[in-house]
Structures are given as structure tokens and as C-alpha cells.
Amino acid sequence: MTKWILAAGVLMTLNSAQATQDPEAVYNRVCVACHAGQLPSAPKRGDRAAWVPRLAQGMGTLVQHVTQGFKAMPPRGLCMDCSAEDYQAIIVLMSE
Ligand code: HEC
């Protein structure tokens, strides 16, 4: 019994340690619809100045905002199969 619980714990840790999807692909599939300049209020990819104040809120808050929706951004940023780790990887990609 204990062994199974430990094994499950290890698996969960492995799962949450990295993005499950290619951040570039997800960005191009979903986030690009709003984060490439179409919506003036959405911070653009690569627009460092737009991202710095957002990043200052902390990665946890940003991931939470994407997941729950934030102002004009719909919940999950319209990526229904993205994990928190995926969002984190995409945020890094967009803010670089
Ligand atoms: C339908 C349009 C739309 C889509 C699709 C979208 N976003 Fe957004 N996003 C926005 C808008 C608009 C804002 C700015 C909200 C504001 O501050 O007024 C925003 C803001 C953000 C922020 C900053 C939140 C904060 O707390 O400052 C992050 C991070 C973000 N988006 C990530 C993503 C990711 C990752 C995806 C793709 C999975 C995505 N967005 C898809 C419209 C969108």
C-alpha cells in the first residue's frame, strides 16, 4: 500500500515538473489570437516593457490569472488542455 502511494507521488512530481505541451505550439495555436497585437490591452509577445509590470506580480499570480480568466482574457486563455506548467512556459516565452 505504502509503495503505491509513494509511486503515485513520484509520478505526480514528474508530471508537474515540466510542461506537457510545446509552449511554442500552444502559443501559436491559442494565445496568438490575442497576444500578437490585435488586442491593445493584451501584452504582446516579446514586448518586454509590457511584460515587466505583469511579471512583477509573480509567476503564481500570472498562472492563476490565465487559469481563472483576467479582465478581457477568457478563463484558461482558451487553452482547455493546458496545465499550470504549460502556462508558465508560455508566459516565459511571451515575455522574452
Ligand atoms: C481572447 C483573447 C486572449 C487569449 C486567447 C489569451 N489572452 Fe492572455 N490576455 C488577454 C488580455 C486582453 C489580457 C490583458 C488583460 C488586462 O490586463 O486588461 C491578457 C493578459 C494575459 C496575462 C497577464 C495577466 C496579468 O495578471 O497581468 C498573461 C500571463 C496571459 N494573458 C497569458 C495568456 C496565455 C498563456 C494564453 C494562451 C494559453 C493567453 N493569454 C490567451 C487576452 C487573451
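The following exercises, each with a worked solution, concern the fold and the ligand site of this model.

The model is predicted, so local features need pLDDT of at least 70 and side-chain atom pairs count only at pLDDT 80 or more, while totals for chains, interfaces and linings use all residues. Residues are numbered from 1 along each chain as its sequence is written, and side-chain values use heavy atoms, with hydrogens and water left out.

**Exercise 1. State which secondary structure the chain has and what share of its residues is buried.**

Solution. Begin with the elements: the chain has five helices and zero strands, where helices (H or I, at least four residues) and strands (E, at least two) are DSSP runs numbered from the N terminus. Along the sequence this gives the pattern α-α-α-α-α. Next, consider burial: 25% of the 96 residues count as buried. Here buried denotes under 20% relative accessible area, exposed over 50%, and partly exposed in between (1.4 Å probe, protein chains only).

**Exercise 2. Identify the residues that coordinate the iron atom of the ligand, and explain why the arrangement is octahedral.**

Solution. First, find the protein donors: His35 (NE2) and Met73 (SD) coordinate the iron atom at 2.0 to 2.1 Å. Donors are N, O and S atoms within 2.8 Å of the metal (3.2 Å for Na, K and Ca); water is not among the atoms, so sites may look incomplete. Second, place the pair in the chain: His35 belongs to the loop between helix 2 (23–29) and helix 3 (48–55), and Met73 to the loop between helix 4 (59–68) and helix 5 (84–95), so that distant parts of the chain, 38 residues apart, are linked. Third, examine the angles: the six donor atoms around the iron subtend 86 to 180°, which makes the arrangement octahedral. Six donors count as octahedral, and four as square planar, if opposite donors are over 155 degrees apart and all others between 65 and 115; four are tetrahedral if all angles lie between 85 and 135 degrees, and anything else is irregular. Finally, compare accessibility: His35 is buried at 9% relative accessible area, whereas Met73 is partly exposed at 23%.

**Exercise 3. Describe the surroundings of the ligand and its contacts with side chains.**

Solution. Start with the shell: of 26 residues around the ligand, Cys31, Cys34, His35, His65 and Met73 come nearest. A residue is near a molecule or strand if one of its heavy atoms lies within 4 Å of it. Helix 3, helix 4 and helix 5 each supply at least two shell residues, and helix 5 gives the most, with four. Then inspect the ligand's oxygen atoms: one is 2.7 Å from an N or O atom in the side chain of Arg54, and one is 2.9 Å from such an atom in the side chain of Gln57.

**Exercise 4. Determine where Lys71 and Arg76 lie and what their phi values are.**

Solution. Locate the residues first: Lys71 is in the loop between helix 4 and helix 5, and Arg76 is in the loop between helix 4 and helix 5. Now read phi: Lys71 has a positive value near 50°, and Arg76 a positive value near 65°; each is a residue other than glycine. As to accessibility, Lys71 is exposed at 76% relative accessible area, while Arg76 is partly exposed at 25%.

**Exercise 5. Is Asp86 buried or exposed, and how far apart are Asp86 and Val26?**

Solution. Asp86 lies in helix 5 and is buried, with a relative accessible area of 1%. Asp86 and Val26 are 60 residues apart in sequence, and their C-alpha atoms are 8.4 Å apart in space.

Conventions
A polar contact is a pair of N or O atoms within 3.5 Å; within protein, one must be able to donate a hydrogen and the other to accept it, and residues adjacent in sequence count only if both atoms are side-chain atoms.
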